[in-house]
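Work through the exercises below with the sequence and the model in view. Each task is followed by a solution in steps.

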Amino acid sequence: MIFAGAMQQGVAPITSIRSLQHLVEGIPFALTLLTILTVHEFGHYFAARHWDVRASLPYFIPLPYISFLGTLGAVIKIRDTIPNKSALLEIGAAGPLAGFVVAICACLGGVSMSKVVNIDYVYSQPIELGTSVVFSAITSLILPDVGTQEYVLLHPVAFAGWVGLFVTTFNLIPIGQLDGGHIVYALFDKTKSRIISQISYYSLIVFGCYGVISHVIDVPWERGWPGWLALAFFLTFVRKNNPATRETYSTIDQRHQWIGYLCIIIFFLCFVPVPFSAG
């Protein structure tokens, strides 16, 4: 992640001692994103321990050079069967809720350190980030109005916060073994949760196909993001594995229902149809 953060600041790939010295420029991004991912996974971990469910410590998945984010995120392994739907919902929701709070803090602090620059200030083709309802609200609150010939040059901490919101959104997709899949399975019956999962999965495929087509054909409106197809392919391997609970017919109380609905609201507030696009 430090390599990725340094390269985002214009540091060339690490090929010499001189470029190695500039790795420090990648620390703010890497440290912030690592904190968000860690808090997210420990949210799951401590919720699991609360229900006496054995869970591993977080495993972090690096992705150097291939990804400008430097990571594929982090995971924990649940080593016991989850006792009931209340436990399933709490364990599933604890990670996204905890990570969301830290990501919001990173966005608030990072955006306040960001700056608005003239378009001529940018000497290379930038990667433009899509904006969610939450991130738009934060930038509108902190930054001045941005003109048509201006860019918001995000501070690395703000970018890490944006990535944290994107990670929260991805994990809350209501499919299979994702956190969102756990939450929907706990909130609704098996049939409804399966329908929601299928609609979500095929929606990703539709979004991804549109992204591909819109880059092949010159469309008069905003292009899509082909990356949804890659995410749909990845989810193909986990979408049919519904989480199991010892109490098959257990129900959840109103407090847990509100926790689940809050996660669904957060998903829509953080969702970005086109996360990345060329400037």
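Rings of Phe, Tyr and Trp, the last taken by its six-membered ring, pair if their centres lie within 6.5 Å; planes under 30 degrees apart count as stacked, over 60 as edge-to-face and the rest as tilted. The model is predicted.

**Exercise 1. Aromatic pairs**

Task: find how many aromatic pairs the rule gives, then classify the pair of F207 and F271 and the pair of W228 and F271.

Solution.

Step 1. The rule yields 20 aromatic pairs.

Step 2. For F207 and F271, the centres are 6.1 Å apart and the planes make 35 degrees, and the pair is tilted. F207 belongs to helix 8 (residues 190-216) and F271 to the loop between helix 10 and strand 6 (276-278), so this pair ties together parts that are 64 residues apart in sequence.

Step 3. Compare the exposure of the two residues. F207 has a relative accessible area of 35% and is partly exposed. F271 has 18% relative accessibility and counts as buried, because the cut-off for buried is under 20%.

Step 4. Turn to W228 and F271. Their ring centres are 5.5 Å apart with planes at 20 degrees, so this pair is stacked. W228 sits in helix 9 (residues 227-235) and F271 in the loop between helix 10 and strand 6, so distant parts of the chain, 43 residues apart, are linked. W228, at 2% relative accessibility, counts as buried.

Step 5. Ring pairs also build a cluster, whose members include F207, W228 and F271, along with F29, F159 and W162.

**Exercise 2. The two sides of helix 10**

Task: where do the buried residues of helix 10 fall when seen down its axis, and what covers them?

Solution.

Step 1. Helix 10 runs over residues 254-270; its 17 residues reach 24 Å from first to last C-alpha, close to the 24 Å expected at 1.5 Å a residue.

Step 2. List the buried residues of helix 10: H256, G260, C263, I266, F267 and C270. Seen down the axis of helix 10, the buried residues lie within an arc of 115 degrees, so they line one face of the helix.

Step 3. Q254, W258 and F268 are exposed on the other side of helix 10.

Step 4. The cover over the buried residues of helix 10 includes helix 4 (85-113), helix 5 (133-142), helix 6 (156-171) and helix 7 (179-187).

Step 5. At the N-terminal end, D253 caps helix 10, with a side-chain oxygen 3.3 Å from the backbone nitrogen of R255.

**Exercise 3. Helix 6**

Task: is helix 6 largely enclosed by the rest of the structure or not enclosed?

Solution.

Step 1. Check the span. The 16 residues of helix 6 should span 22 Å at 1.5 Å a residue, and its end C-alpha atoms are 22 Å apart, which agrees.

Step 2. Of the 16 residues of helix 6, 15 are buried, so helix 6 is largely enclosed by the rest of the structure.

**Exercise 4. A residue with positive phi**

Task: is D52 buried or exposed, and where is D52 found?

Solution.

Step 1. D52 is in the loop between helix 3 (27-50) and strand 1 (59-62). D52 is not a glycine, yet its phi is positive, about 60 degrees.

Step 2. The relative accessibility of D52 is 69%, and D52 counts as exposed, because the cut-off for exposed is over 50%.

**Exercise 5. The whole protein**

Task: which overall values describe the protein?

Solution.

Step 1. The protein has ten helices and six strands.

Step 2. Of its 279 residues, 45% count as buried.

Step 3. Among contacts between residues at least 6 apart in sequence, 74% join residues at least 24 apart.

Notes. Residues numbered from 1 in each chain as written. Predicted model: local features only at pLDDT ≥ 70, side-chain atom pairs only at ≥ 80, totals over all residues. Heavy atoms only, no water. Helix = DSSP H or I, 4+ residues; strand = E, 2+ residues; numbered from the N terminus. Expected span 1.5 Å × (residues − 1). Buried < 20%, exposed > 50% of the residue type's maximum accessible area, 1.4 Å probe, protein only. Arc of directions from axis to C-beta. Contact = heavy atoms within 4.5 Å. Polar contact = N/O pair within 3.5 Å; in protein donor to acceptor, adjacent residues only side chain to side chain.
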